[in-house]
Amino acid sequence: MVQHQRPPHPGGIVPGLVTNPPSGRPYGALHSVRDEHTPLSFHTVHGYRRAFRITGEGPPLLLIHGIGDSSATWLDVIPTLARRHLVIAPDLLGHGASDKPRADYSVAAYANGMRDLLGVLGVDRVTLVGHSLGGGVAMQFAYQFPERTERLVLVSTGGLGREVNPLLILASLPGAETVLSLLLRIPGMRLQAELLGLLLRRMGHGLGIDTRDIVRLFDSLPEPTARSALLRTLRAVVDRRGQVVTMLDRCYLTRGMPTLLVWGARDAVLPLRHAWTAREAMPGSQLEIFERAGHFPFHADPARFIAVLETFIATSVPADWSPEQWRSLLRSGQLADGVPATSTAQRQEATRALRDASERSAT
């Protein structure tokens, strides 16, 4: 059984909820309570305890956080989204309150974990919303399980270009765990990081915008298992040359999949040009840029993020994949002719990124 930190609301199914999801099981039967705190629930899958938040009613949304983060990153947007949707926000394995074993932390393994969690909850199809690493997991999920994916929302996502913040490259190198452990022992390290972030913000640097979020990620690192899991996850996607894993070589498979890209114009972790690369590589995708945001646009302006997401969902038709469509796209092996280029420079950037992707790992 799913275990809750505190008992679920006894009110049962809320009147007016969708009662005919693909599985035939009422969404409200999973969790019908709206709670501004959205407590964690737990379930053991394959011997490991998985933590997740689940609330609301209606068509399901799966919110996937980034590296070193947790489901708590979505707390500003979950209550409002839960008015119209069943919202599921997991702590990825190795993150948050989920177990942190010596395990496979590849994006493919994470995608499998999302499938298994949905299986536990009796949810067949979802709209995926992934941030950073979570965006890579969402793309991988859509690639592995297109029949279970209704829409794809990628927020400052990885896997769309080699470039990544140099600090992440340094953290992926041998010996990083020892260095990180020593840094965490320095008295007042958290305060020093906050002061550095404030200075960067005043200088207009993108990392300064995200200081609060970056410092928050430090809070879990003193725990050795959390530190080890984070570095294993990082090394699965980043090496000394930058991002290792790419989805650019198969973005053509999103043709017919409603796709929304959301990016902060001042993102210092994954550059904005990756958004334009993805826009060119994903036929029919939409791009929304948050001008004043860094790597966390849903923190910079939660209300706008919710409005953009809900508008996208309301104005798009869920993907309905057939085996014939999938085979046809795989056999063509490329984007169809006639995909509009926003500019020659962006088309050239997309072409360069696709060529560069051939030198990196595909999953």
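**Cavities in a predicted model**

Mentor: About 110 Å³ of space lies in the largest cavity. This is a predicted model, where local features need pLDDT of at least 70 and side-chain atom pairs pLDDT 80 or more, while totals for chains, interfaces and linings use all residues. Residues are numbered from 1 along each chain as its sequence is written, and side-chain values use heavy atoms, without hydrogens or water.

Trainee: What counts as a cavity here?

Mentor: On a 1 Å grid over the protein atoms alone, a set of points where a 1.4 Å probe fits but cannot get out; lining residues have an atom within 4 Å of a point. Points are joined across faces, edges and corners, and the volume is the space filled by probe spheres set on them.

Trainee: Which residues are closest to the centre of the largest one?

Mentor: Met 139, Ala 142, Tyr 143, Leu 253 and Thr 254, out of 14 that line it. Helix α3 (residues 133–144) gives the most to that lining, with three residues; helices are DSSP runs of H or I, at least four residues, and strands are E runs of at least two, numbered from the N terminus.

Trainee: OK, how many cavities of 30 Å³ or more are there?

Mentor: Two. The second largest holds about 60 Å³ of space.

Trainee: And which element supplies the largest share of the second one's lining?

Mentor: α2, with four residues. Both α2 (107–121) and β3 (48–56) supply at least two. Its lining residues include Arg 50, Asp 91, Met 114 and Asp 116.

Definitions and conventions:
On a 1 Å grid over the protein atoms alone, a cavity is a set of points where a 1.4 Å probe fits but cannot get out, and a pocket is an open set with protein on both sides within 12 Å along at least five of seven lines; lining residues have an atom within 4 Å of a point.
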